[in-house]
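Please examine the structure shown below before reading on. The paragraphs that follow lead through its parts one after another.

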Amino acid sequence: MVNQIHPCLWFDVQAKEAANLYCSLFKNSRISADTPIVVTFELDGNKFMGLNGGPKFKINPSISVFVLCESVEETNTLWEKLIEGGKALIPIDKYDWSDRYGWLQDRFGLSWQISLEGNAPIKQKIRSSMLFTGNKFGMAEAAINFYTSIFDHSSTELLMHYPEGSENAGKVLYSEFKLHHQNMIAMDGPGVHDYTFNEGISFVVECESQKEIDYYWERLTEGGRESMCGWLEDKFGVSWQIVPAILGKLMSDPEKGPKVMQAFLKMRKFDIETLLKA
């Protein structure tokens, strides 16, 4: 399934406003569903979910959206539009790793890394990037190995370590990996950071069967913890939602939707049969 795994962004009440802005910036983008609670949208064909979850959780830079650009003009345009009302985390400039790169936090709290890719063909323009900080620093490689062992069609594409003799030798400087065809990025973040993984950004796994739900739930909770309504936190602190692919259809049924919601509010792991009977 394409986009079986996609990010969920936790907003207070701004999911639709944020989705409108983001869709205006990328080709092949659209809002595919719009409800008071959930807005789903695609950016350059990559699926996202925006959740109006209230003020409980805040998005932070531990998970960011990494955008590979084809020209300096594109990097500048994205930077200028996304930084309105936001702030620079790493100013846009020329660096050793890119002729044009910057890291910002937009006015909704979502972090973006904008990078000129150069002449190489770009197979997936927009990617989720994970930064392992604080007590999770040094765990990036173990996390990549763990995640790629769980999902089919997964692999480590690039793994660069800090050089021998440096303070952070052996830690992950930069990596690219695939989870079920989705290109992702992971890095270890040295130094002092006032953030780490939380529920502000989670990864949704859409499942076609109860067998899939059971499998992903069992594997991803190894060393982690269960939460409610299909949410869990893995042993690295990253949050996941293991949900039936049919959930959106059930929830959009005016008669059945409220009953389905009442049923899954009582669940930890989703039970598809119970939802269908609701």
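The model is predicted, and a convenient place to enter it is helix α4, residues 210-220. The cover over the buried residues of α4 includes helix α3 (140-150), strands β13, β14, β15 (231-233) and β16 (239-244), and helix α7 (272-277). Which residues of α4 are buried? They are Ile-213, Tyr-216, Trp-217, Arg-219 and Leu-220. The spacing of such positions can be read against a general rule. An α-helix has 3.6 residues a turn, so residues three or four places apart point the same way.

Leu-220 leads from this helix into the interior. The largest nonpolar core contains 76 residues, and Leu-220 is among those with the most contacts inside it, together with Tyr-22, Trp-112, Met-130, Tyr-147, Trp-240 and Ile-242. Helix α1, residues 15-25, supplies the largest share of this core, namely seven residues. Besides this core there is a second, separate one of nine residues, including Phe-66, Tyr-101, Met-187 and Tyr-195. To see how residues meet in the interior, one may select Tyr-147. When neighbours within four places in sequence are left aside, Tyr-147 is in contact with Met-130, Leu-179, Leu-220, Asp-234, Phe-236, Val-238 and Trp-240.

Phe-66, a member of the second core, directs attention to strand β5. Is this strand, residues 63-69, enclosed or open? Seven of its seven residues are buried, so β5 is largely enclosed by the rest of the structure. A general principle helps in reading its two sides. In a regular strand the side chains alternate between the two faces of the sheet. In β5, Ile-63, Val-65, Val-67 and Cys-69 point one way, while Ser-64, Phe-66 and Leu-68 point the other way, and all are buried. Strand β5 also has partners in the sheet. Five bridges join β5 to strand β9 (residues 126-132), and these two strands run antiparallel; here Val-65 stands opposite Ser-128. Five bridges also join β5 to strand β8 (residues 111-116), with the two strands running parallel; in β8, Gln-113 is the bridge partner of Phe-66.

Charged side chains provide another kind of link, and the structure holds ten salt bridges. In one of them, Glu-42 pairs with Arg-30, the closest N and O atoms being 3.4 Å apart. Glu-42 lies in strand β3 (residues 38-43) and Arg-30 in strand β2 (residues 30-34), so this pair ties together parts that are twelve residues apart in sequence. Arg-30 counts as partly exposed because its relative accessibility is 45%.

Another salt bridge joins Arg-225 and Glu-199, at 3.4 Å from N to O. This pair links distant parts of the chain, 26 residues apart: Arg-225 is in strand β14 (residues 225-226), and Glu-199 is in the loop between β12 (182-188) and β13 (201-207). Is each partner buried or partly exposed? Arg-225 is partly exposed, with a relative accessible area of 39%, whereas Glu-199 counts as buried at 16%. Salt bridges that share partners join Glu-199, Arg-225 and Glu-233 into one network. Arg-219, already met among the buried residues of α4, forms a salt bridge with Glu-222, at 3.0 Å from N to O. Glu-222 is partly exposed, with a relative accessible area of 33%.

The final stop is on the surface. There, Leu-158, Met-160 and Leu-173 form a nonpolar patch, with about 210 Å² of accessible area together. Leu-173 belongs to strand β11, residues 172-179. At 33% relative accessibility, Leu-173 counts as partly exposed.

Key:
Residues are numbered from 1 along each chain as its sequence is written. This is a predicted model: local features need pLDDT of at least 70, side-chain atom pairs count only at pLDDT 80 or more; totals for chains, interfaces and linings use all residues. Side-chain values use heavy atoms; hydrogens and water are left out. A nonpolar core is a set of buried Ala, Val, Leu, Ile, Met, Phe, Trp, Tyr and Cys residues joined through side-chain atoms within 4.5 Å. Buried means under 20% relative accessible area, exposed over 50%, partly exposed in between (1.4 Å probe, protein chains only). Helices (H or I, at least four residues) and strands (E, at least two) are DSSP runs, numbered from the N terminus. Contact means heavy atoms within 4.5 Å. A salt bridge is a side-chain nitrogen of Lys or Arg within 4 Å of a carboxyl oxygen of Asp or Glu. Two strands pair if DSSP finds at least two bridges between them. Patches are made of residues with over 30% relative accessible area and no salt bridge: like charges are joined within 9 Å, nonpolar side chains (Val, Leu, Ile, Met, Phe, Trp, Tyr) within 5 Å. Accessible areas come from the Shrake-Rupley method with a 1.4 Å probe; for residues, only the protein chains shown count as cover.
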